[in-house]
Amino acid sequence: MSVTFLWFVSSPGLEVSHSTGLLDSVRHVKFLDSSKVMSRDFGSIRVEKDKEKGWRLCSLSTDMKYACVGRSGLESASNFPLIANVLANPAAGEVAVSSEQKVYDVVLKQASLVKRKLGATGELDAKPDIALPGNLSLLNEAYDRCGEICAEYAKTFYLGTLLMTPERRRAIWAIYVWCRRTDELVDGPNASQITPTALDRWESRLEELFQGRPFDMLDAALADTVAKFPVDIQPFKDMIEGMRLDLKKPRYKNFDELYLYCYYVAGTVGIMSVPIMGISPNSEATTESVYNAALALGIANQLTNILRDVGEDASRGRVYLPQDELAQAGLSDEDIFAGKVTDKWRNFMKSQIKRARMFFDEAEKGVTELNEASRWPVRNSKNLSIL
């Protein structure tokens, strides 16, 4: 049985005693801060906080309600920021990092790229055009085609991007198109022919793209974008991992598993986009907190998609609702496949909608920290899924 351990910090030092004895199986754990290693001995838990840095909510709470992770200058909806959580198996004496902490590692890496860029130049403006196969007119044509695809499939989001600077909106179009093409691999008209090997080839192509060797015109637009902006490859690779899950995993036993899936297929979009959107020069929030908000928006959008598409997913044999929460509500997959709408179902859906709204609320806190011209398309995506 997995047990979720939570520990909080509300002041530079806080004593927390445990009464279960389960922590005895985990005597010493190290947590990495961006500035130092913090060690804790769990006889009783002593937690110290960097006096110059606050910790952000990072929670898998026992009632399965998540919020975003990491450190932030933004206010949390919780009374206590949560440093981290682990899933411990007392019998095996093992400690497994939660899905949330895995995602936070990606957030930290991407935020550090942006902070290095800001530290070097004080801004996130794009670099000049780089040399790619073909000439500049072909590159402009590639970006224009990305814009056309965005306008065709995400009209309202596209209109919002027109308020951005030309460099930023072209880059967002390129990212949008790559994400859409990736999603179409498993949800498009040829999805039945897609194999894990095909996804492996798509990932190899991505790696070539990041090395400045695009395969086609649309790849060329993204290759130019990632050369100009401090974008890391990991969120892109993680999105492909989400597609792999769609091929092999039709059920999610709890929200920890579902959270990781939502990050893979949608939270990644937010992390990809922050370097393009830009952070307001007047923002006093930490870079990590802006990424946390972007991540929360992606999670919120995907949770909304899941709730909207229950019937469509069921027709494909997929159930993206946490199995343990369905069971707690007295429901089963059979109820979903039968399309039964009962009071039990309505109450269950209310709780799922409440969770999605919590992530939207978390995302809203970060919108005002973005470059002013980028806020409109982000606010639009609160109501429209990008993919």
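## Close-up views of a predicted model

**View 1. Glutamate 208 and its spatial neighbour.** Let's start with glutamate 208, which lies in helix H5. This is a predicted model, and every view below is drawn from it. At 35% relative accessibility, glutamate 208 counts as partly exposed, because buried would need a value under 20% and exposed one over 50%. Alanine 223 is 15 residues from glutamate 208 in sequence, and their C-alpha atoms are 9.0 Å apart in space.

**View 2. The whole protein, for orientation.** Before zooming in further, here is the setting. The protein has 14 helices and 7 strands. Its chain counts 387 residues, of which 53% are buried. If we take the contacts with a separation of 6 or more, 71% of them involve residues 24 or more positions apart.

**View 3. Two tryptophans stacked between helices.** The structure holds 12 aromatic pairs. In one of them, the ring centres of tryptophan 178 and tryptophan 202 are 6.2 Å apart and the planes meet at 20 degrees, so this pair is stacked. The two rings come from distant parts of the chain: tryptophan 178 sits in helix H4 (residues 166-187) and tryptophan 202 in helix H5 (residues 196-210), 24 residues apart. Both tryptophan 178 and tryptophan 202 are buried. They also belong to one aromatic cluster, together with Phe210 and Phe236.

**View 4. A tilted phenylalanine pair with an arginine over one ring.** Phenylalanine 255 and phenylalanine 359 have ring centres 6.5 Å apart and planes at 40 degrees, so their pair is tilted. This pair, too, links distant parts of the chain, with phenylalanine 255 in helix H8 (residues 255-277) and phenylalanine 359 in helix H13 (residues 343-367), 104 residues apart. Phenylalanine 255 counts as buried, because its relative accessibility is 0%. Phenylalanine 359 is buried as well, with a relative accessible area of 2%. Look also for arginine 355: its charged end sits over the ring of phenylalanine 255, 3.8 Å from the centre. A second arginine over a ring can be found elsewhere, where arginine 180 lies over the face of tyrosine 153, at 3.9 Å from the ring centre.

**View 5. Helix H13 from end to end.** At 1.5 Å a residue, the 25 residues of H13 should span 36 Å, and the C-alpha atoms at its ends are indeed 36 Å apart. Many of its side chains are worth labelling: the buried residues of H13 include Trp345, Phe348, Met349, Gln352, Arg355, Ala356 and Phe359. An α-helix has 3.6 residues a turn, so residues three or four places apart point the same way.

**View 6. The nonpolar core around tryptophan 345.** The largest nonpolar core has 94 residues, and those with the most contacts inside it are Trp178, Leu258, Tyr263, Leu321 and Trp345. Helix H8 gives the most to this core, with 16 residues. Leaving aside residues up to four places away in sequence, tryptophan 345 touches Val310, Leu321, Leu326, Leu331, Ile336 and Lys340.

**View 7. Cysteines without a disulfide.** The structure holds 0 disulfides. Cysteine 150 is in none, and the nearest cysteine sulfur, that of cysteine 146, is 9.1 Å away; a disulfide would need the sulfur atoms within 2.5 Å. Cysteine 150 is buried, with a relative accessible area of 0%. Cysteine 262 also counts as buried, at 0% relative accessibility.

Note on methods. Residues are numbered from 1 along each chain as its sequence is written. This is a predicted model: local features need pLDDT of at least 70, side-chain atom pairs count only at pLDDT 80 or more; totals for chains, interfaces and linings use all residues. Side-chain values use heavy atoms; hydrogens and water are left out. Rings of Phe, Tyr and Trp (its six-membered ring) pair if their centres lie within 6.5 Å; planes under 30 degrees apart count as stacked, over 60 as edge-to-face and the rest as tilted. Helices (H or I, at least four residues) and strands (E, at least two) are DSSP runs, numbered from the N terminus. Buried means under 20% relative accessible area, exposed over 50%, partly exposed in between (1.4 Å probe, protein chains only). A charge sits over a ring if NZ of Lys or CZ of Arg is within 6 Å of the ring centre and within 35 degrees of the ring normal. The expected span of a helix is 1.5 Å times one less than its number of residues. A nonpolar core is a set of buried Ala, Val, Leu, Ile, Met, Phe, Trp, Tyr and Cys residues joined through side-chain atoms within 4.5 Å. Contact means heavy atoms within 4.5 Å.
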